[in-house]
Structures are given as C-alpha cells and as structure tokens.
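Here are some short exercises to work through with the viewer open. Try each task yourself before reading its solution.

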Amino acid sequence: MAGSERQQPPRRGEEEGGQDSAAAAPLHDAELALAGINMLLNNGFRESDQLFKQYRNHSPLMSFGASFVSFLNAMMTFEEEKMQLACDDLKTTEKLCESEEAGVIETIKNKIKKNVDARKSAPSMVDRLQRQIIIADCQVYLAVLSFVKQELSAYIKGGWILRKAWKIYNKCYIDINALQELYQKKLTEEPSDAANDNHVAVEGVSEESLNRLKGAVSFGYGLFHLCISMVPPNLLKIINLLGFPGDRMQGLSSLMYASESKDMKAPLATLALLWYHTVVRPFFALDGSDNKAGLDEAKEILLKKEAAYPNSSLFMFFKGRIQRLECQINSALTSFHMALELAVDQREIQHVCLYEIGWCSMIELNFKDAFNSFERLKNESRWSQCYYAYLTAVCQGATGDMDGAQVVFKEVQRLFKRKNNQIEQFSVKKAERFRKQIPTKELCVLASIEVLYLWKALPNCSFPNLQRMSQACHEVDDSSAVGLKNLLLGAIHKCLGNSEDAIQFFQRAVKDELCRQNNLYVQPYACYELGCLLLGNPEEEFTGYDFENRLHVRIHAALASLREVVPQ
C-alpha cells in the first residue's frame, strides 16, 4: 500500500503531537521491529511474518524485518522459489533505503555551515544512518544467497557484495562512535560552550537513538570480524585483498554490545553468540583440546535471556547443545525432544533438532534411534539428502540390517546433487564401496565412529562408550581400513587420557600407505593429532583430501594457541 492507504501502527507520543511525536516515530519502528523478531524466536514464525508484511511499507526498518523473515525462510528450506523471493524482497528493501551517499559527518557539517536548525536535521541524520546499515545488512544476506548456489561466478559476486557491505559497516561504525563521543563531550562541558559547532551536531539526537544505532551496526560489524578471524592462512591472503579485517575479540565484544541493545537485531546477536560458543568453538577446535571452552559464557547468556524466551525452540536447542558438550547426553536428548515439540510449525528447526537427536543417539551407540532420526531427515529435508542417506545407511548397518543398509548406500549416489559440497563428496566416496558388496556390521560401526571423530563428537562420549568403541575398532579385520582404524583408536585413547597409546596409534596411521588410496585424509589428520599431542607442527605435504579446509581451520587455531604459549 502507498500514500494515505498505508497502515500505520500506533505511535508512541502520537497524542501529544508536535516535534516530540515526530522524533519518537523512528524509535517506535525500532520497538515494533524488535517485537516482531522476539515473536519469531518465541515460535511465532507466522505471526512475525504477518506483522512485518502488514507494516512493510511503513518504514525501511519494517521493510527490512519482512525481508529478513523471507531470507530466514529461504535459508531454512533451501527451496528455489523461496530463495528467489528472498532475493527480490532484499533488493526491494535495499532500493527503498538508497538515498544520497554523502557521509553522515559531512552532512552534519554542511547543515551547520548553512545554519540549519540541528533539531530539524537530527531525525534525518538518524534515518540516514539507519538506512545505510540496512543496505549493508541486505547486501550480506544477498551474498549468502549467492554463496548457496556454490558456483564460481556466485562466489565472486558474493565476495564483491560483501566487500561493499563491509565498507558501509565500517564507515557507519566510525561515524556512530564519533557521534557518541561528541554527545558525551557535550554533556560534560559548560552550557555556554554548547553553541560550539561540534556540539550542535548532536543537538536533538537522543542518547537512546545513538545506542540503538550502535547496536544495529555492531551486529554486522561483529559478525565480519568474528568470521574472518577463523579463516585459515591459505584463504586469508585472498580475504585481505578484499579489505576484510579479522579481530575475534572485537567481533565478540561488538556482538555482545548488539545483543544488549534495543535494536531489532539484538536477539539475532544473542543467537550468533550462542552459535559461536556451542557450535563453532568446539567444532573447529578453536580452544585446542578444551572442548568445554565457552560453555560458561553460553550458560550465562541463556540464564540472562530465559525470561524473554521461555518457550523458544531455538533457545531450548542451544540448551541441548550445552548439555551435549558437557557429556550429559540424556539431558541433551530431553532438551532436543522438547525443542522438537515446541517447533510445531517450523519444519527446518525440527530438522535441526532431529539432526542433534541422531548424533546424540550415535554418541550413545543407540543406532536404532539414530537410524530413525536420519531416515526422517533423508525423506523430509531439502538440505542434503545425500549426506542424510549415508548416515541412515551407516546406522542401519550398525544395527545389523545389512541388506537394508546396502539399499540405502545405493541411494547415496542418486541423491548426490551438490557437486562442490565436501560433505556430499565424502558421503558418495564412502558409500561407493558398499554399493558393490554387502557391508559388514563391523565396518558400519567403524563408519559411525569415523563421522563422530570428523564432526568432533568423540569428546562428548562417556568413558564406557569410548571403551566400547575401542573394542569395536579392534574387531574390524579389513586391510583397507587399517589406517582409519588406527586414527580412530588414537582419537579414542586421546579422549580417554591415554596419551602414550594415542601417540602410537597416530604414528601407525601416519605410516600406513594403503590409506592414501582408500582414506586420503587419514594421514594429514593423524599428523594434526600428533602435532597437538607433541606440540609440533602438522605435516604440510598433503593436499586434495576430504575436509581439507576444515582441517586447515583447526591447524590455524592450534598454531594460534601455540603462539600464545610460546611467543615468537
């Protein structure tokens, strides 16, 4: 709707009229947008979508809210039509926000020189900053949608879009900090000095508006710093050419600021922090062998936000993640099942919960329940049916149903759609062997332990289950699996605290030349494990193996930890 036909939400202070009402309107949009995001996180996906759609023409902020929900829906389903719709929505919002490109500080100085009343310029100054931040946000999400296509041209296009977004974030971040400093300086000086040009610049702009804008820009600014800080050295040179920085502490502090702000992205910053502490840190071994690093921070966040999100399936999911990392697998399963029930109308959140239920069941060596979860994902999820088919077949074989497992192993190749995806490439490569010959239960159990190792889940296993896994590895009598068996035995003994035995198994894995044909990743991963145990560097002569980039990230983190202990 346009013009007089636009629906207007009730404005705070509307009954008072005048300038105060006009100044309050942008803040009210921010409150309405925040309410919409909170509604979404409390399982009100449909209600949130309706709210943003109803008022999407009311302001750039509400338009962005509607586009964000559209983007989230696309990323949760990976359906082509929804991804195209999200692209169209984001471009519409971006177009709505585009205005004169003059910098904020320059605009203020020009207005001062022209003796324009600063009170009149203040709302437009806040609006300009808000629009610029929204443009950068839209560009980031458009880049993500490009990356999902996994084509070279899409990567190049996405990288260029991200570069533009970073420049906007960085400039807005600097401008807002400058305005906050001017505001604080104005408060501390004598009233007679308030007429100074620098101080007039912030006349009429409330501290609340500046703090909210700082929160708005800190989300994107912090995510950039955090993500780039985890890029391995072999990709870092390319990233630096694009002009991206990477300061992990700056990223975390910016996300913390955003999460405590009154901006609509505050809840998203909270989720980003929980994701970092409970998924990224343990998966990429950013703290070396300390698998529980970050759990205190995650628990503190959940405790602080519990009242605001009492029935949130996402927050219940992260509670389960914390419990899993603390090796409280039964409690984690309870939390994931609760999250599954809470996410009644959110299919993809249900799938994330099912995925964790499958993994927790594998950790407990309960292959029947794991099979049920992964089979449902194989049939329902649009993300990677190939990968889910492989996990389904492995767990089905581990229960002893070898004929059924072989049927599903044969499906893996047919479901192979994302040719450049490392996980799908790995799944196809592993399933290939069992397409031609019936697998054995022992090899399927070994394959389940293998994925637990590769996905950093062995440290979540109890000592009794680790000992059962060790026994299962010893029962495998297959010459082509010797290197893999030794790698897994080394990892299991490392988790059990048997460093000497672990070193011996890793050394055997490194020396096994046959694994270069069957499991090319085994030797470089064994070198990495030995490097961590012996405080040496992993070998660098390996290339082209499964999950190479994943290992580079872990090596990068391990070397960074070493540099902290032993300064260069």
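The exercises below go from the whole fold to single rings and then to one helix; keep in mind that the model is predicted.

**Exercise 1. Describe the overall make-up of the protein: how many helices and strands are there, and what share of the residues is buried?**

Step 1. Start with secondary structure: the protein has 27 helices and zero strands.

Step 2. Turn to burial. Of the 568 residues, 55% are buried.

Step 3. Look at how the chain folds back on itself. Among contacts with a separation of 6 or more, 67% are between residues 24 or more positions apart.

Step 4. Finish with the outside. The accessible surface is about 25,900 Å², and carbon and sulfur atoms contribute 52% of that.

**Exercise 2. Classify the ring pairs that Tyr-141 forms with Phe-68 and with Phe-71, and work out which helices they link.**

Step 1. Two values are needed here, as a pair of aromatic rings is described by the distance of the centres and the angle of the planes. The whole structure holds 25 aromatic pairs.

Step 2. Take Phe-68 and Tyr-141: their centres are 5.8 Å apart and their planes are at 55 degrees. Stacked pairs need under 30 degrees and edge-to-face pairs over 60, so an angle in between counts as tilted.

Step 3. Place the two residues. Phe-68 is in helix α3 (residues 60-77) and Tyr-141 in helix α6 (residues 118-148), so this pair links parts of the chain 73 residues apart.

Step 4. Check burial, for which the cut-off is under 20% relative accessible area. Phe-68, at 5%, is buried, and Tyr-141, at 8%, is buried too.

Step 5. Now take Phe-71 and Tyr-141: with 4.5 Å between centres and 25 degrees between planes, this pair is stacked. Phe-71 in α3 and Tyr-141 in α6 are 70 residues apart. Phe-71 has 8% relative accessibility and so counts as buried.

**Exercise 3. Find which residue's charged end sits over the ring of Tyr-257, and list the ring cluster that includes Tyr-390.**

Step 1. Go to Tyr-257: the charged end of Lys-214 sits over its ring, 4.6 Å from the centre.

Step 2. Move to Tyr-390. Ring pairs join it with Phe-409, Phe-426, Phe-434, Tyr-453, Tyr-521 and Tyr-525 in a cluster.

**Exercise 4. Describe helix α12: what is its span, where does it bend, and is it largely enclosed or open?**

Step 1. Helix α12 covers residues 266-283, which is 18 residues. From first C-alpha to last it reaches 25 Å, close to the expected 26 Å.

Step 2. Follow its axis: α12 bends by about 40 degrees at Tyr-276.

Step 3. Consider its surroundings. Because 16 of its 18 residues are buried, α12 is largely enclosed by the rest of the structure.

Definitions and conventions
Residues are numbered from 1 along each chain as its sequence is written. This is a predicted model: local features need pLDDT of at least 70, side-chain atom pairs count only at pLDDT 80 or more; totals for chains, interfaces and linings use all residues. Side-chain values use heavy atoms; hydrogens and water are left out. Rings of Phe, Tyr and Trp (its six-membered ring) pair if their centres lie within 6.5 Å; planes under 30 degrees apart count as stacked, over 60 as edge-to-face and the rest as tilted. Helices (H or I, at least four residues) and strands (E, at least two) are DSSP runs, numbered from the N terminus. Buried means under 20% relative accessible area, exposed over 50%, partly exposed in between (1.4 Å probe, protein chains only). A charge sits over a ring if NZ of Lys or CZ of Arg is within 6 Å of the ring centre and within 35 degrees of the ring normal. The expected span of a helix is 1.5 Å times one less than its number of residues. The bend at a residue is the angle between axes fitted to the seven residues ending there and the seven starting there. Contact means heavy atoms within 4.5 Å. Accessible areas come from the Shrake-Rupley method with a 1.4 Å probe; for residues, only the protein chains shown count as cover.
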